[in-house]
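Let's take a friendly walk through this fold, one region after another. Keep the viewer open as you read.

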Amino acid sequence: MTATTESLHLPAGTAATGPYALEVTPESAGWGHSSLRVLELSAGGRHTLETGPDEVVVVPLEGGLGIECDGEVLTLAGRSDVFAGPTDFAYLPREATAALSSPGGGRFALCGARARRRLPVRYGPAAGVPVELRGAGRCSRQVNNFATADVFEADAIIACEVITPGGNWSSYPPHKHDEASEVETELEEIYYFEVAPGPGGQPGLAYQRVYGTPDRPIDVLAEVRDRDVVLIPHGWHGPSIAAPGHDLYYLNVMAGPGAERAWRIVDDPQHAWIRGTWAAEPIDPRLPLHDPATPNGESR
């Protein structure tokens, strides 16, 4: 049966369970490796997290957080919102108990992946997050590579944030990573979206496309709103389209069955030509979207 928008698009609130505003597990997604929870804490709120078989990267979406785990005490300064620039983050190992507390309250992404190794608790400073500018023109986007394979050591998880200015396309050209080869790695992927409101608080929207191959069909065309999720078990994915006037944020969480932790992709050959046009176009001057004091780099 073909996976469709109805089964893979989770509108905000529809995957809330217990203390979590969002909970996607391998079991609920019907796959084997990637997970994502969003925890909302009121001022002074506390939560006990049991990581179980998963390694977890804690990413503040809004607000700051204190973490106690394996005898370590970490303080995440966090940020005002996801468009304010990269945030500091924390890595928690599998089979751990972590006490989370937020004096001022906030929202926190708990990005997870089934892990074989147990690595130590670690703190990731915001200043150490590489900021990459990809594409050009209306395909310009910003990538905060806080837990990508070549940046941060982990057992299985790969995670990053993408910010797309209003009116631009990202995750373009469409690409996939659902087979193991010299040019591709097999990775499940979660897209968690936040959409900036208009100047009067008007709610924004964006669009996400996922499509398959004849032997592995999938058909998703989702109108996504603030705090929606799209699950990508396989197939070509992209574009992610930000509506004019509404900047788009998405958090990507990936993991797969391979022993090698790597992000290798192949472009849809019908659309790969677009990369050849970027050299003649400037990067969108609205990027990068963060405090000028935050380090950034450029890459296409």
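Buried means under 20% relative accessible area, exposed means over 50%, and partly exposed is what lies in between. By that rule Arg227 is partly exposed, because its relative accessible area is 32%. Its salt-bridge partner is Asp226, with the closest N and O atoms 3.3 Å apart. Asp226 is partly exposed as well, with a relative accessible area of 31%. Please keep in mind throughout that this is a predicted model.

Let's turn to the sheet. Here 7 strands form an open sheet in the order S2-S20-S17-S22-S14-S13-S12, and the pairing is antiparallel. Which strands stand at the edges? They are S2 and strand S12 (131-134), and each has a single partner strand, so one side of each is left without a neighbour in the sheet. In general, the strands of a sheet pair through backbone hydrogen bonds, either parallel or antiparallel. For a closer look at one pairing, take strand S13 (residues 141-147) and strand S14 (residues 158-164), which pair in the antiparallel sense over 4 bridges. One residue to pick out is Asn144, whose bridge partner in S14 is Glu161.

Next comes the nonpolar interior. The largest nonpolar core has 60 residues, and those that touch the most other members are Leu36, Cys111, Phe146, Tyr192, Val230, Leu231 and Leu251. Strand S22 (residues 248-255) gives the most to this core, contributing 6 residues. A second, separate core of 19 residues includes Tyr20, Leu49, Ala90 and Leu110. Back in the largest core, Leu231 is worth selecting: leaving aside neighbours within four places in sequence, Leu231 is in contact with Leu8, Leu10, Val24, Ala29, Trp31, Glu189 and Ile190.

Leu10 turns up again in the surroundings of Ala15: not counting residues up to four places away in sequence, Ala15 touches Leu10, Ala21, Leu22 and Glu23. Ala15 sits in the loop between strand S2 (9-10) and strand S3 (20-24). Is Ala15 buried or exposed? Its relative accessibility is 13%, so Ala15 counts as buried. If you would like a distance to check in your viewer, the C-alpha atoms of Ala15 and Gly104 are separated by 25 Å, and these residues are 89 apart along the chain.

Now for the cysteines. How many disulfides are there? The count comes to 0. Cys69 is in no disulfide, and the nearest cysteine sulfur, that of Cys111, is 16 Å away. Cys69 is buried, with a relative accessible area of 2%. For Cys160, the closest cysteine sulfur is again in Cys111, and at 10.0 Å it is too far for a bond. Cys160 is buried too, with a relative accessible area of 6%.

Charged pairs are plentiful enough to deserve their own stop: the count comes to 23 salt bridges. One of them joins Arg116 to Asp155, with the closest N and O atoms 3.9 Å apart. This pair links distant parts of the chain, 39 residues apart: Arg116 is in the loop between strand S10 (106-114) and strand S11 (122-124), and Asp155 is in the loop between S13 and S14. The two partners differ in burial: Arg116 counts as partly exposed at 48% relative accessibility, whereas Asp155 counts as buried at 6%.

Another pair is Lys176 and Asp178, whose closest N and O atoms are 2.8 Å apart. Both Lys176 and Asp178 are buried. They also belong to a network of salt bridges that links Lys176, Asp178, Glu179, Glu184 and Arg216.

Two members of that network lead us to our last stop, Thr185. Leaving aside neighbours within four places in sequence, Thr185 is in contact with His177, Asp178, Glu179, Ala262, Trp263 and Arg264. Thr185 lies in the loop between strand S16 (175-176) and strand S17 (188-195), and Thr185 is buried because its relative accessible area is 6%. What does its side chain reach at 3.0 Å? The answer is the backbone nitrogen of Arg264. A polar atom of the Thr185 side chain also lies 2.9 Å from the backbone oxygen of Ala262.

Terms used
Residues numbered from 1 in each chain as written. Predicted model: local features only at pLDDT ≥ 70, side-chain atom pairs only at ≥ 80, totals over all residues. Heavy atoms only, no water. Buried < 20%, exposed > 50% of the residue type's maximum accessible area, 1.4 Å probe, protein only. Polar contact = N/O pair within 3.5 Å; in protein donor to acceptor, adjacent residues only side chain to side chain. Contact = heavy atoms within 4.5 Å. Core = buried A, V, L, I, M, F, W, Y, C linked by side-chain atoms within 4.5 Å. Pairing = 2+ DSSP bridges. Disulfide = S-S within 2.5 Å. Salt bridge = Lys/Arg side-chain N within 4 Å of Asp/Glu carboxyl O.
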